[in-house]
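Please open the model in a viewer and keep the sequence panel at hand. The tour below proposes selections in turn and describes what each one shows.

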Amino acid sequence: MNEQAEESKQHGKHVEIHVQDIKEAERVTFPGSITATLMQVWDKAYVELKVARRPKDILQTEGHNPKSLMSYLELTLEQARDQGIINDYRFSIASETGGA
Amino acid sequence: MARANEYPTMDLEAGAAALEEDLPRVLRMLGASMEELGWSRPNKLTLLIPLSGVYQGHADDYTLRLGFQAYRTWPPSAQFVNPQTQSYSYPQDQHFVPQLTSGECRTHAQYCHGTKRIQLICCSATLEFYEVEHNVNSEHLWSETDNFWTTVNAIKRAMGSFYQGRFPKHGQ
């Protein structure tokens, strides 16, 4: 593989990650690698948001009707994308609620 | 902070002021305007928000009405309404309510509590949940640092994974 192709491949492993914190009504954008796990992305989001993790926080997709990602935290972004669990690199941190 | 087994107190001025404060914050977070999101604010205490769900390949549209009469000490009132009248009458409007069956958020087209008969979005982020004195774990109690997007998000998350179609049309 020549140097240019290698550089292109490496570039493709880096993506822009967007995370909303619903409780604080804030959002951050930061670079990340598609080899990072969802847990690592979630951890980094707190650093970027400058807030502490709250006991009932959950990580979810940011789509039209968001889906919880709590069962997939060990997956990398690449794996989650390839398995159709995420469609993009947009997430939000929400609070678990109680009900029924 | 909301408390279990305590009936919510209304404070219309505080509710309107809190909404004035939170609305631009939430819109900034979402990166969109009211118009772009299809929201409307028919009066200072009410927001109308369009939602949708897909069940068996069919998309259904809904209108969620949020009321801020006890906000932010208590969560917003949340009711699915007839989009024409922007109100809800049981049983003729029950098909404007989505069937949600999440452990965090379950809908009842009519819920009986004493002499009251109301639509209930059974979720600790709605005012009606406290009005019917529903059991709640302390960690799920609404906090004054929450905002109305917590409520909408909880409902949208249930719409994404636990939507079972509309309640049937009355008489069918």
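Helices (H or I, at least four residues) and strands (E, at least two) are here DSSP runs, numbered from the N terminus. On that basis chain B holds 4 helices and 8 strands. The model is a predicted one.

**Stop 1: chain B as a whole**

Select chain B and colour the chain by secondary structure. From the N terminus, its elements follow the order α-α-β-β-β-β-β-β-β-α-α-β. Along the principal axes, the C-alpha atoms of chain B occupy a box of roughly 45 × 40 × 30 Å. The radius of gyration of chain B is 15 Å, which agrees with the value near 16 Å that a compact globule of 172 residues would have. Of the 172 residues in chain B, 40% are buried. When contacts in chain B between residues at least 6 apart in sequence are considered, 57% of them join residues at least 24 apart.

**Stop 2: the four-stranded sheet**

Next, select residues 40–43, 46–55, 58–67 and 77–81 of chain B, which are β1, β2, β3 and β4. These 4 strands form an open sheet in the order β1-β2-β3-β4, with antiparallel pairing. At its edges lie β1(B) and β4(B), each of which pairs on one side only. Neighbouring strands of this sheet are turned against each other by 35° on average, direction ignored.

**Stop 3: the hairpin and L45(B)**

Zoom in on β1(B) and β2(B). A hairpin of 2 residues joins the two strands, and their antiparallel pairing extends over 2 bridges. Two positions help to set the register: N43(B) stands opposite T46(B), and S40(B) stands opposite L48(B).

Now select L45(B), which is located in the loop between β1 and β2 of chain B. Is L45(B) buried or exposed? L45(B) counts as buried because 20 C-beta neighbours lie inside 10 Å. Which residues, apart from neighbours within four places in sequence, are in contact with L45(B)? They are L12(B), G15(B), A16(B), G67(B), F68(B) and Q69(B). A distance label between the C-alpha atoms of L45(B) and Y71(B) should read 9.3 Å, although the two residues are 26 apart along the chain.

**Stop 4: helix α1 of chain B**

Select residues 12–30 of chain B, which make up α1. This helix has 19 residues, and its first and last C-alpha atoms are 26 Å apart, close to the 27 Å expected at 1.5 Å a residue. Where does α1(B) show a kink? A kink of about 25° lies at D22(B), shortly before the proline P24(B). Just after the helix, G31(B) adopts a positive phi of about 70°.

Show the side chains of the buried residues of α1(B), namely G15(B), A18(B), L19(B) and V26(B). The buried residues of this helix pack against α4 of chain B. Of these, G15(B) has already appeared among the contacts of L45(B).

**Stop 5: helix α4 of chain B**

Move on to residues 148–161 of chain B, the helix α4. This helix packs on the sheet, where it touches β2, β3 and β4 of chain B, and its direction makes about 15° with that of β2(B). The end C-alpha atoms of α4(B) are 21 Å apart, which agrees with the 20 Å that its 14 residues should span at 1.5 Å a residue. Because 12 of these 14 residues are buried, α4(B) is largely enclosed by the rest of the structure. The buried residues include F148(B), W149(B), I155(B) and M159(B), together with the charged-letter positions K156(B) and R157(B).**Stop 6: the contact with chain A**

Display both chains and select the residues that meet across the contact. This contact takes 29 residues from chain B and 20 residues from chain A. On the side of chain B that touches chain A, α1 and α4 of chain B each supply at least two residues. The most is given by α4(B), with 9 residues.

**Stop 7: chain A**

Finally, select chain A alone. It has 3 helices and 4 strands, which run α-β-β-α-β-α-β from the N terminus. Buried residues account for 27% of the 100 residues in chain A. Of the contacts in chain A with a separation of 6 or more, 58% are between residues 24 or more positions apart.

Key. Residues are numbered from 1 along each chain as its sequence is written. Chains are lettered from A and ligands numbered from 1 in the order in which they are written. This is a predicted model: local features need pLDDT of at least 70, side-chain atom pairs count only at pLDDT 80 or more; totals for chains, interfaces and linings use all residues. Two strands pair if DSSP finds at least two bridges between them. Axes are lines fitted to C-alpha atoms, for helices over the stretch in contact, and angles run from 0 to 180 degrees between N-to-C directions. Two residues are in contact if their C-beta atoms, placed from the backbone, lie within 7 Å. The expected span of a helix is 1.5 Å times one less than its number of residues. The bend at a residue is the angle between axes fitted to the seven residues ending there and the seven starting there. The radius of gyration is taken over C-alpha atoms; the globule rule is 2.2 Å times the number of residues to the power 0.38.
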